[in-house]
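The report below is meant for a reader who is new to this structure. It moves from single residues to a sheet and then to the nonpolar cores.

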Amino acid sequence: MHRMNLAAVAAVITLGFLSGCALPVSERSVTAYEGARLIVGDGRVIENATVVVDGSKIAQVGGAANVRVPAGATRVSLAGKTVMPMIVDTHVHLSETREALIRDLRMRAYYGVSAALSMGTDGYGLLDMRSEEIAGAARFRSAGRGITMPESGRTTVPYWITTAAEGRKAVEELAARKVDIVKIWVDDRDGKYKKLTPEMYGAIIDEAHKRGLRVTAHIFNLEDAKGLIRAGVDVFAHGIRDKDIDDELVAMFKQRPNLVLTPNLPDRGVKADLSWLRAGLPPEEFAKLEKANTDRPKAQALFGIQARNLAKLNAAGARITLGTDGNRPWGPHEEMLDMVLAGMTPMQVIVAATRNSAEFLRIDDTGTLQAGKSADFIVLDANPLDDITNTRRIAAVYLRGSQVDRAALRSKWTGARSTEN
């Protein structure tokens with residue numbers, strides 16, 4: 001059990017008291033969730049916790065003895081449960097129409113995801129949805145149109161550039177649209193295409209930084225990763241995939257403590273138990289997943305490289321977030337298991353998936369369960385610190401203080417599209 005110091009307790013109680021004085025409880029929606037183990041999201045755990053939610057915000061949180069529940073508040077017992085922050089997914093590729101995008105965001109809420117960053121395959125028509133609060137839906141963030149060399153036969157949404165000047169022009173347009181980040185691809189796709197040169201990605205990074213934007217890079221090989229670090233890249237949207245990393249790369253990460261790694265681990269290539277997905281998928285969709293659910297030695301070798309690289313960078317103290325790629329709303333739960341199998345502890349993975357990812361998206365009111373934050377939390381039937389797959393044992397999801405109607409979402413589920421970009 002982790003204990004808060006007296007000053008922190010006093011601050012929590014004071015904030016809760018002040019927030020409780022504004023209106024009589026009978027005129028507000030105040031609920032106290034009591035008795036659960038609470039994973040804060042920053043590495044701490046509070047046993048026998050009480051969380052007081054006032055409307056959409058957390059008013060108080062702490063051990064039961066340290067929280068004053070307002071008279072008249074609704075009291076909900078969560079004894080035997082574990083509560084953790086909702087997950088933030090920092091790398092997805094969402095649908096391209098309003099109706100489908102709303103479906104994507106609601107299905108993410110179903111699986112306990114409070115926000116998602118769509119990475120470089122969005123036209124500009126839906127960017128205004130980032131400012132909308134859609135009932136029962138995760139928040140939407142977007143890199144808009146990414147930047148790459150021409151990739152004939154692939155999506156034409158990103159900017160296809162052939163010069164550094166074109167790269168700067170693309171960044172200028174992205175900045176005008178106020179995208180959340182600039183996405184670039186530095187990958188020849190197994191020799192099929194030319195990839196951005198150091199001159200090109202250097203110009204893109206320079207122009208983005210001049211305009212107050214960060215740059216995230218889809219990469220594949222070790223030498224490109226080193227070149228991008230030297231050019232000042234802010235984020236890697238994938239781990240290094242061609243070989244085991246060397247001491248030089250580890251040292252480069254240590255010299256750049258703000259450099260973010262989103263591992264996006266690949267399919268492990270082993271047959272897995274998918275039964276936890278059955279209730280949320282139509283039979284034909286579940287059948288497709290099961291058909292592809294086989295042992296594949298080549299995939300296992302590729303996973304091994306990336307898992308070892310993640311373990312080395314995690315041991316070196318790299319800043320790690322969670323990202324899943326594609327459009328699988330349940331993907332974060334698979335990714336968290338993969339990260340643990342790569343050597344991270346369950347607590348490290350949860351911090352990466354909650355606090356670190358929220359901070360990366362610059363959403364300051366989610367990612368941890370603290371007074372003043374949005375009431376975004378998952379109620380679990382078992383402790384994920386014992387077994388990370390317990391994040392899949394969801395009893396309830398609360399988004400902005402309201403319980404997500406998971407049963408209704410299950411009934412509307414029409415299938416999921418999965419792609420890798």
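## Loops, sheet and cores

D190 counts as exposed, because its relative accessibility is 70%, where exposed means over 50% relative accessible area, buried under 20% and partly exposed in between (1.4 Å probe, protein chains only). This is a predicted model, in which local features need pLDDT of at least 70 and side-chain atom pairs count only at pLDDT 80 or more, while totals for chains, interfaces and linings use all residues. Residues are numbered from 1 along each chain as its sequence is written, and side-chain values use heavy atoms, with hydrogens and water left out.

D190 is found in the loop between β11 (182–186) and α4 (198–210), where helices (H or I, at least four residues) and strands (E, at least two) are DSSP runs numbered from the N terminus. The table sets D190 beside R400, and for each of them phi is positive in a residue other than glycine.

| Residue | Phi | Loop | Relative accessibility |
|---|---|---|---|
| D190 | near 60° | between β11 (182–186) and α4 (198–210) | 70%, exposed |
| R400 | near 50° | between β17 (394–399) and β18 (402–403) | 13%, buried |

Another loop residue, H93, lies between β6 (87–92) and α2 (98–110), and H93 is buried, with a relative accessible area of 2%. The side chain of H93 makes a polar contact (a pair of N or O atoms within 3.5 Å, one able to donate a hydrogen and the other to accept it) with the side chain of T121, at 2.9 Å.

Strand β6 belongs to an open sheet of three strands, which follow the order β6-β7-β8 with parallel pairing; two strands pair if DSSP finds at least two bridges between them. Because β6 and β8 (139–142) each have a single partner strand, they stand at the edges, and one side of each is left without a neighbour in the sheet. Between β6 and β7 (residues 113–118) there are four bridges, and V88 has A115 in β7 as its bridge partner.

In soluble globular proteins, nonpolar side chains tend to be buried together. Here the largest nonpolar core (buried Ala, Val, Leu, Ile, Met, Phe, Trp, Tyr and Cys residues joined through side-chain atoms within 4.5 Å) has 80 residues, and those with the most contacts inside it are I147, I184, L228 and F236. Helix α10 (residues 346–360) gives the most to this core, with six residues. A second, separate core of 18 residues includes A49, L369, F377 and V379.
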